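Please follow this account with the sequence and the model side by side, beginning with a term that the later steps rely on and then moving from individual side chains to the fold as a whole.

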Amino acid sequence: MSSNGTRASSHRIALGDINPNNLGQLKRINTVIFPINYQPSFYKDVLEVGEFAKIAYFNDVCVAAVCCRKDPTPEATAPHDLYIATLGVLAPYRRLGLGTALLEHILEHAAEDKKIGKVYLHVQTTNEEALAFYKKHGFEQKEKVANYYPNFDDSDAYRLEKVLVQ
């Protein structure tokens, strides 16, 4: 307790770079959170995107991560799009600000990169918690993609996007 009698918050959130030494932690997090088996090429690419892939720690325990990729747009002179391939927090650590910290980090770095015009992602149509989270952070639902996740019972997804450059 602090001197004024209130309990001081001892929770600490920190973001870390993804590198070959902690790639195993990222793989474990993704295996637990997402029902998709990501290929070695996915993780190889993650090591190349710099600030657009991060691990989040809660009190020094690795509990969340985000992985993005830059997608070229059809017009060679147009900005790139940034695709959020994964953003997940282990269930016991949700609603503690970790997802928000990861997303805000990505959006801040995307806005600084003048070559990125928008950030987008896909969310299962039945994942109301994720849909609400992204909408709260300024993403708009653009289209429904039928059978986006063909191996799942809930196979449809919404494409959500946030435009950075007008």
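A residue is called buried here when its relative accessible area is under 20%, exposed when that value is over 50%, and partly exposed in between. The model is a predicted one, and with these cut-offs in hand one can turn to a pair of charged residues: Glu161 is buried, and Arg159 is buried as well. For Arg159 the assignment follows because its relative accessibility is 17%, which is under 20%.

The side chains of these two residues, Glu161 and Arg159, meet in a salt bridge, with 2.4 Å from N to O. Through salt bridges that share partners, Lys118, Glu143, Arg159 and Glu161 are joined into one network. Within that network, Arg159 also meets the side chain of Glu143 in a salt bridge, at 2.9 Å from N to O. This second pair links distant parts of the chain, since Glu143 lies in strand 6 (residues 140-145) and Arg159 in strand 7, 16 residues apart. Glu143 counts as partly exposed, at 38% relative accessibility. Side chains of opposite charge can pair when their charged atoms come close.

Strand 6 also includes residues 140 and 142 in its range, and Glu140 forms a salt bridge with Lys142, where the closest N and O atoms are 3.3 Å apart. Glu140 is partly exposed, with a relative accessibility of 46%, and Lys142 is partly exposed too, with a relative accessible area of 40%. In total, the structure holds eleven salt bridges.

Consider next the whole chain, which contains four helices and seven strands. Read from the N terminus, these elements follow the order β-α-α-β-β-β-α-β-α-β-β. Buried residues account for 41% of the 166 residues in the chain, and, of the contacts with a separation of 6 or more, 64% are made by residues 24 or more positions apart.

Strand 4 offers a useful way into this arrangement. It is mostly covered, with eight of its ten residues buried. On the one hand, strand 4 pairs with strand 3 in the antiparallel sense over eight bridges, and Asp81 in strand 4 stands opposite Asp71. On the other hand, strand 4 pairs with strand 5 in the parallel sense over four bridges, and the bridge partner of Tyr83 in strand 5 is Tyr120. Together with helix 3, strand 4 and strand 5 make a right-handed β-α-β unit.

The largest nonpolar core comprises 45 residues, and those that touch the most other members are Leu26, Leu82, Ile84, Leu103, Tyr134, Phe139 and Leu160. Strand 3 (residues 61-71) gives the most to this core, contributing seven residues. In soluble globular proteins, nonpolar side chains tend to be buried together. Ile84 shows what such a position looks like in detail: apart from its neighbours within four places in sequence, Ile84 is in contact with Val66, Cys67, Cys68, Leu103, Val119, Tyr120, Leu121 and Phe139.

Tyr134, another of the core residues named above, leads to helix 4 (residues 128-136), whose buried residues are Ala130, Leu131, Phe133 and Tyr134. Viewed down the axis of helix 4, these buried residues fall within an arc of 160°, so they line one face of the helix. An α-helix has 3.6 residues a turn, so residues three or four places apart point the same way. Glu128 and Lys136, on the other side of helix 4, are exposed. The cover over the buried residues of helix 4 includes strand 4 (80-89), helix 3 (98-112), strand 5 (116-124) and strand 7 (157-163). Just after helix 4, Gly138 takes a positive phi of about 90°.

Two loop positions complete the tour. Ser155 has its place in the loop between strand 6 and strand 7, and it is buried, with a relative accessible area of 14%. Leaving aside neighbours within four places in sequence, Ser155 is in contact with Val145, Asn147, Tyr148, Tyr149 and Pro150. Gly50, by contrast, is in the loop between helix 2 (40-46) and strand 2 (53-58), and counts as partly exposed at 47% relative accessibility. The C-alpha atoms of Gly50 and Cys67 are separated by 9.9 Å, the two residues being 17 residues apart along the chain.

Conventions
Residues numbered from 1 in each chain as written. Predicted model: local features only at pLDDT ≥ 70, side-chain atom pairs only at ≥ 80, totals over all residues. Heavy atoms only, no water. Buried < 20%, exposed > 50% of the residue type's maximum accessible area, 1.4 Å probe, protein only. Arc of directions from axis to C-beta. Contact = heavy atoms within 4.5 Å. Salt bridge = Lys/Arg side-chain N within 4 Å of Asp/Glu carboxyl O. Core = buried A, V, L, I, M, F, W, Y, C linked by side-chain atoms within 4.5 Å. Pairing = 2+ DSSP bridges. Right-handed = clockwise from strand over helix to strand, strands pointing away.
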